[in-house]
Amino acid sequence: MEKISVAVRFRPPNQTAADLSSGFGGGDREWRIDDGSRVSLLHRTAGPVPGASFAFDHVFDGATTNEQVYASVVRALIHYAVDGFNGTAFAYGQTSSGKTFTMNGCDSDPGIIPRAVRDVFDTSRQAEDREFLIRVSYMEIYNEEINDLLSLEGQKLQIHENLERGVYVAGLREEIVNSAEQVLDLLQQGEGMLLPICFISRNVINKLSENGKQRGHIPYRDSKLTRILQPALGGNAKTSIICTAAPEELHIEETRGTLQFASRAKCVSNCAQVNEVCILTDAALLKRQKLEIEELRKKLQGSHSEGLEQVVLKLRNDMYKSELERDRLAMELEEERKLRETLKHRVAEQQKKLEDLNNISISTEHFQDSTQLDALKTPDSKYAPEDFVACRLRYSNDVEFSPIPETLDNVADEDLWARLNKGCVTDLDMLEMTPGLKHGESMQKDSTSAVPLEEPAEARCQRLEKDCISDQQQLEESKGRCVMLEKEIEMLRDENSSLQQEVSKYKQEDDRIIAEKQEDDRIIAEKQEQLEDAMMRCAALEKELFRYRQDADRLTAEKQELLGELNTEKHKMQELKKDISVITRAFSQREGQLTSLYSKSKAIVEHCKSSQVAALP
Ligand SMILES: Nc1ncnc2c1ncn2[C@@H]1O[C@H](COP(=O)(O)OP(=O)(O)OP(=O)(O)O)[C@@H](O)[C@H]1O
């Protein structure tokens, strides 16, 4: 466990007239820095202000350069990062206190970002035993939305977390970079879009600085920035915070707030560990991208479309149920209709019977006595048909004459009467017309309405009237039920059509998702193909690289050999040059000697010549 490194940096005072009149020059209080690590608020006359003295890892005054800040606070982080640790550095402070100046700097004194970028490449180049693949991403968090500054698509990104990667922004574009210039160019492109940055909320730092049980829940999720910085704040990272502050008396309260925040940040402990996958080869990167694609594919197959499928399934079930319900109700309605028809029929029958009975009661008035009436009473007399049959009155008790047979139909003709009366037809004139008696099965069928013939006509009439009224009531009830059922069916029909509409809507949505999924699958397949191509190219390049390296080694060896030979040659040449200069020197010496010898000889010869001439006789 190690504490977060916290530095405080005061910017130079603003040179406006108002500012000059404030501060110790014109005001009563000012910030005093001691030993590069303490800062206290002093009152002109009262001395140190109580509760306004703070100690940090570093306190920089307005004269400190970005280079010095970088060297003291950030450089070590870069080295740690190259060794596989997570490293985070960020600036915190009130507006106009110097955050941008600290992070970006100016031409004459570049800030932390450009220095760190250059250092990453320099340091990784120095690590001769390893090769690095460096990728950068660039994002902004504005109004709790994460924007990818390296992507023009303007897609809003989400924070995800898993065991392998920890907290990360899904879909954030990462560029593979080979030089500091490339990174700085990318940052410059993004900078145009950079909007005011929101800074870490006190919520989180306060909580983190509380110890042990007191801490409770850490609200990292309350803000996207704190969520992304989660590993940097109490997690697996080496972290430096640079708190920027304005020195003017005008800003004393904001500065005091910043220093209090910095003090709390000082109490946060991190536990940094070397990441297992800190150095990625091309193959490892490709593997990771494949995993990401796989993850995306799973996500597509999962949640959304599955949810929709379930909704559609449920709707289909509901529809099926309501169809069954509708069929059941339709059957019920049909039965009710049939019942109503039966009842109607019965009512009509009853009415008819009533009328018939009325007729009977009228016709009985013509009979002399009850015996005459009784002669008419047959078991079927209850159901008087509309037609009439002839019957004998006078001979009904005469054994010589057959009674009216049971099978006699509604109409009896003269022939039949002749046969029945054994050829005696004279009596036909005596026949009286009576309501037709029909032998029928209905009487036997409808035993409930069977009435003893002895029942007086009036009572029977009343009973039938009652029956009629109750049937009428039943009919009315049945009609009411029918209306209700029809309404219910209407409602079900409406419900059914709205369900069908909904199903077709979901079907459309489903089709859209399927089309999207197919498009995604196509893109994924395309990407996979590209990845495979890239892998093959990588493998080929690796082979080529290996060959080049072998060639380079051979060439280096040859070069070394040649260099050795060259050195020998050079040495020999030096020797020869030396010999030549010795010889040249000896030669010129000899030449000088010879020249003087020659001159001397010549002088002697001349002398001799002149002496010989003088000696001649
Ligand atoms: N250490 C410094 N040396 C010289 N000038 C500085 C220093 N710090 C800040 N400044 C100047 O002060 C001004 C405000 O600084 P800067 O823009 O960096 O503040 P900021 O905290 O990023 O503000 P904001 O939050 O509003 O974006 C700028 O003109 C900047 O050049």
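In which loop does aspartate 35 lie? Aspartate 35 is in the loop between strand S3 (29-34) and strand S4 (38-43). The model is predicted. This briefing covers a four-strand sheet, the helix H9 that lies across three strands, and three loop residues: aspartate 35, serine 96 and histidine 251.

**The sheet**

- The strand order is S6-S2-S14-S7, in an open sheet of four strands with parallel pairing.
- The edge positions belong to strand S6 (58-60) and S7; each has a single partner strand, so one side of each has no neighbour in the sheet.
- From one strand to the next, the twist averages 15°.
- Seven bridges join S7 and S14, which pair in the parallel sense.
- Tyrosine 92 is found opposite cysteine 243, a residue in S14.
- In general, the strands of a sheet pair through backbone hydrogen bonds, in either a parallel or an antiparallel arrangement.

**Helix H9 and histidine 251**

- H9 lies across strand S2 (5-10), S7 and S14, and runs at about 165° to S14.
- The loop between strand S14 (238-245) and helix H9 (252-266) holds histidine 251.
- Histidine 251 has 21 other C-beta atoms within 10 Å; the cut-off for a buried residue is 20 or more, so histidine 251 counts as buried.
- Beyond the neighbours within four places in sequence, the contacts of histidine 251 are Gln94 and Ala246.
- Serine 97 is 154 residues from histidine 251 in sequence, yet the C-alpha to C-alpha separation in space is 9.6 Å.

**Two residues with positive phi**

- Most residues other than glycine have a negative phi.
- Aspartate 35, which is not a glycine, has a positive phi near 55°.
- Aspartate 35 is exposed, because it has 7 C-beta neighbours inside 10 Å and the limit for an exposed residue is 12 or fewer.
- Serine 96 is not a glycine either, and its phi is positive at about 65°.
- Serine 96 is located in the loop between strand S7 (87-93) and helix H4 (99-104).
- Serine 96 counts as partly exposed because 14 C-beta neighbours lie inside 10 Å, a number between the limits for exposed (12 or fewer) and buried (20 or more).

Notes: Residues are numbered from 1 along each chain as its sequence is written. This is a predicted model: local features need pLDDT of at least 70, side-chain atom pairs count only at pLDDT 80 or more; totals for chains, interfaces and linings use all residues. Helices (H or I, at least four residues) and strands (E, at least two) are DSSP runs, numbered from the N terminus. Two residues are in contact if their C-beta atoms, placed from the backbone, lie within 7 Å. Two strands pair if DSSP finds at least two bridges between them. Axes are lines fitted to C-alpha atoms, for helices over the stretch in contact, and angles run from 0 to 180 degrees between N-to-C directions.
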